[in-house]
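Work through the exercises below with the sequence and the model open. Try each task before reading its solution.

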Amino acid sequence: MDQLPNLGREQEMLSIMGLNSMDELFSNIPEDVRRKKPLPLPPPQSEEEIWRDAQHLLGSNIDLDSRPSFLSAGLSRNFVPTMVGMLATRGEFLTSYTPYQAEVSQGMLQAMWEFQTMISELVNLPISNVSMYDASTSAAEAITCAVRVHNKKATQKDTIYVSELVPPHRMSVIKNYVQGSGINLHTLKHDENGHLDIDNASIAHGSCAVYVEQPNSFGILDEGLLDLKGKIGENTALIVGIDAVSLGLVSPPGDWGADIVVGEGQPFGIGPTFGGPIYGIFACTEKYIRQMPGRIVGQTYDTNEKQAFTLTLSTREQHIRRHRATSNICSNETLIALMGAMHMSLLGPEGITVLAKRVAASTQATRKALSSIEGVELIHPKSSIFRDFAIKIPGDSEKAVSFMDSKGVIAGFPMGLWWESHSSSILVGCDERTSESDISSLVLAIKEWIKEVKN
Amino acid sequence: MSDIFSFNGSPKAGWSQPDPILSDSEVLETIPSSMLRNSPPAWPRASEPELVRHYTWLSRRNFGIDTGFYPLGSCTMKHNPRVNERIVNLPGIDRMHPLQPEHQIQGILSIFYEMQEMLAVCSGMDQVTLQPVAGAQGEFTAMRCIQEYHRERGEGHRNKVIVPDSAHGTNPASASMCGYEIIEIPSAEDGRIDLEALQSVVGEDTAAMMITNPSTLGVFEPDIARASEMVHSAGGQMYYDGANFNAIIGKTDPGLMGFDAVHYNLHKTFSQPHGGGGPGSGPIGVKEHLSKYLPSPIASRREIAEDDPEGVGDGYWYNWVTPEKTIGKVQQWHGNAGAVIRCWAFYRRYGRELERMSEHAVLNANYLRFKIMNPDSEVLTKIHAMPLDGAPTDFVMHEFTLSMIDMKNKVGVTGKDIAKRLLDYGVMAPTLYFPMIVPECLMIEPTETESKEVLDKFAKDFLNILTEDPDIIKGAPYTTDVSRVDEVWAARNLILRHPGNNSEDN
């Protein structure tokens, strides 16, 4: 209770107002809706006691850095430069609200304008907003945005096509977001190499949007996607979900016809942090600018013609347009995007290239090591991969992961939890920090599991 | 001015990292050349010393609660305790993955469970999910649950959601995203809910009513229980927008008022820092009949068994459960866990005394309102025109609205001019022109973490502005980094990224 500067001065303030008791201030709450009993909660704690409890409770978790870990599946066990946390938690950034008063918010506005530029450069599309909640809500709102833009000319009205390999949790978010608009959702098939069936993809021609991921949920980089825009045509939005780090190495979707690019920004700026707060990337071409969701910063001038920044295109947003807004998003993930901007600027053009190569190298090296184990089968041995790849092992993969966990290795994600048909598959996730020794530990653990199953 | 793209130094000066564990050729041979990037993104080339200075410079051109008083109505800009930031840097949250098995995450699950229980108790709800990551997403999530509830009962035809005209813009936007048609009802003249207007629109097509209480005018709705009855008897559900929850904890709760669902803005009431626009956290609580539709998963617990691994030492084993008819996911993982943990640390500071927090929030709002509305006679004679109460009421709750319409009519000074002039006095401007039903509206919410001295000073400065030369006020601000910013130019020209002064070098 050390957060109340006026504790103990209540009577003084009340008497200035000509009042006697605090209760008078609450006299407009009718008797029949009043709470009669005190809150059944524990007593207040001091900062010292809270810190002690936090250390105890969070210390009882097992964190990814405490052992060899191969769990990725959409998040990165990254290394965030020390500068990032220290600067982003400067109080002027940390404790500011959405920059409605531009004159005293130039710092955050400029930082977000610079963020928009860095995302724009990364994906090679001209426009970026200042973040969505995560990769999934970015994808979902990209779809509803594309339907608003393309539905008029679409020959398949209110219809979109989504890769069948979009992971179930993202699919669920997408379904929740699109159901209210009456959008028909179809899936696009893949071949045995995990590549999109590109000939079949032309069935999406004339629909409002196609959503695919590069790499997909099996970590596969699909060369065929480079031709996808040609198959679906100008009036169908190509929406691509990315691994942001991969773009240090592979071709940005803006180069191969993507209209909207979405993805998880987390690898730049913040640890996996149990899945949040993280931030969604949302970038697009000019065509979508008046229908896109989220805050956008624009450059302008002040009355003395000095360069300045301000939030712009607010007429799309809920506080102005209310039920006709392009999205309900209000609070977003600005601070995490700021951390992302700091991380990206520290990496620079050379650093992002090295970082992407590190992840690619770890993935290659791990796949190679696992493929030599007798009993382990690569599910897509011929495909190019980034960060994740899937293996098939003897027995049930959930049990296998649990067994290897008891040997001190987090071996990956048991894919049966996503798709029943993959109950023997493990999604092995690598990152820039995967070491030769981590890989050896994983190899050993898998060998032990195989021995265990045989017995 | 300087921007980050003016840094284009030597690549050698950049941040260092270990080499890849394979050679370039080993990496590149596995990726078709057609897929490779031609040139890297034209990001800045800067060293750590340069960047630390750049971002420090930017931070000094930004106003936060730490800089000064931040009376931004509806946003509850209270102090953010620093231990909360320290806690979320512990590896037990920062280095955790949402797909880790339960036995590795007992500590997080126990905190989630405690937060679910605490929020349910404070709001009179039966079950809470922490998954929505912002207030607006909480609204959307709850409306999805309500939608499924009606559908399962064979009442999917209910397609209308009622909102008062004073509602936050997110309410109609969120309901609309679910496919609902919005019926906006006018407020009564005193700013309160108009029961007759409500009666005239409720019916067998009503899915829900969304309302915040205290209202956006900072006034408690005395007829709230009656409104709940009316909506319920028509078969609709009552949704509580928790943006103003800071006013009522321990005094009343949405359950007592008859609500079926509620969202909490942890970034308002429970001090998750706003960070220039987010992250937020927008858990929702629901009554029993809606709980089976909540997003999945939810933290649960049972008594620890002998063969269980070690828990957190409180005699319970924590686990995830999936609600029976879950709507699935609204965020990819388990919500903004980092925000939930910060807010857990904040809640622990008050425990059962959370009521004191609300009392002080209400005390500060009433005190500030009193000081503004009752100037010394000497000051009063110099004031061009006094503000008008946004709502006629003896007491407000945690915030209040002022109409500056008389200043506008008498000397041509708008609410916006006054807001901009306040910046020169070293404080943040109040929320401007919201709710829209109050002309030239300023919405002021001091929060409980401001001292009497800060409130006295603000009242004095505010009243002083009303005595200033109108031309001075209209030209404000003068002392800020930039003078008044041309928003129209920005919207017409749409310069949304740096033109790229070093892109040719890449």
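**Exercise 1. Find the partners of strand β4 in chain A, then name residues that face each other.**

Step 1. Start with strand β6 (residues 237–243) of chain A: β4(A) pairs with β6(A) in the parallel sense over six bridges. Helices (H or I, at least four residues) and strands (E, at least two) are DSSP runs, numbered from the N terminus. Two strands pair if DSSP finds at least two bridges between them.

Step 2. Pick out a bridge. Val210(A) has Leu238(A) of β6(A) as its bridge partner.

Step 3. Turn to strand β2 (residues 159–163) of chain A. Its pairing with β4(A) is also parallel, with three bridges. Here Val162(A) stands opposite Tyr211(A) of β4(A).

A word on the source. This is a predicted model: local features need pLDDT of at least 70, side-chain atom pairs count only at pLDDT 80 or more, and totals for chains, interfaces and linings use all residues. Residues are numbered from 1 along each chain as its sequence is written, while chains are lettered from A and ligands numbered from 1 in the order in which they are written.

**Exercise 2. Place β4(A) in its sheet.**

Step 1. Read the strand order: β1-β8-β7-β6-β4-β2-β3 of chain A. These seven strands form an open sheet with mixed pairing.

Step 2. Find the edges. They are β1 (127–128) and β3 of chain A, each pairing on one side only.

**Exercise 3. Sort the residues of β4(A) by direction and by burial.**

Step 1. Recall the rule. In a regular strand the side chains alternate between the two faces of the sheet.

Step 2. Apply the rule. Ala209(A), Tyr211(A) and Glu213(A) point one way from β4(A). Val210(A), Val212(A) and Gln214(A) point the other way.

Step 3. Check burial. A residue is buried if 20 or more other C-beta atoms lie within 10 Å of its own, exposed if 12 or fewer, and partly exposed in between, with C-beta atoms placed from the backbone. In β4 (residues 209–214) of chain A, six of six residues are buried.

**Exercise 4. Which elements pack against the buried residues of helix α8 in chain A?**

Step 1. Count the buried positions. In α8 (residues 168–178) of chain A, nine of eleven residues are buried. Among them are His169(A), Met171(A), Ile174(A) and Tyr177(A).

Step 2. List the neighbours. In chain A they are α7 (135–150), β2 and β3 (184–188). Chain B adds α6 (135–152).

**Exercise 5. Describe how the two domains of chain A meet.**

Step 1. Set the bounds, which come from an automatic or database domain assignment. Domain 1 of chain A covers 72–78 + 349–454, and domain 2 covers 83–343. Their centres, taken over C-alpha atoms, are 29 Å apart.

Step 2. Count contacts (C-beta atoms, placed from the backbone, within 7 Å). 25 residues of domain 1 of chain A are in contact with 21 residues of domain 2 of chain A.

Step 3. Find the main contributor on the domain 1 side. α11(A) gives the largest share, eight residues.

**Exercise 6. Characterise the side of chain B that touches chain A.**

Step 1. Count again. 173 residues of chain B are in contact with 166 residues of chain A.

Step 2. Locate the largest share. Helix α14 (residues 354–373) of chain B supplies eleven residues.

Step 3. Divide the chain B side by class: 87 nonpolar, 53 polar and 33 charged. Ala, Val, Leu, Ile, Met, Phe, Trp, Tyr, Cys and Pro count as nonpolar, Asp, Glu, Lys and Arg as charged, and the others, Gly among them, as polar.

Definitions and conventions:
Two residues are in contact if their C-beta atoms, placed from the backbone, lie within 7 Å.
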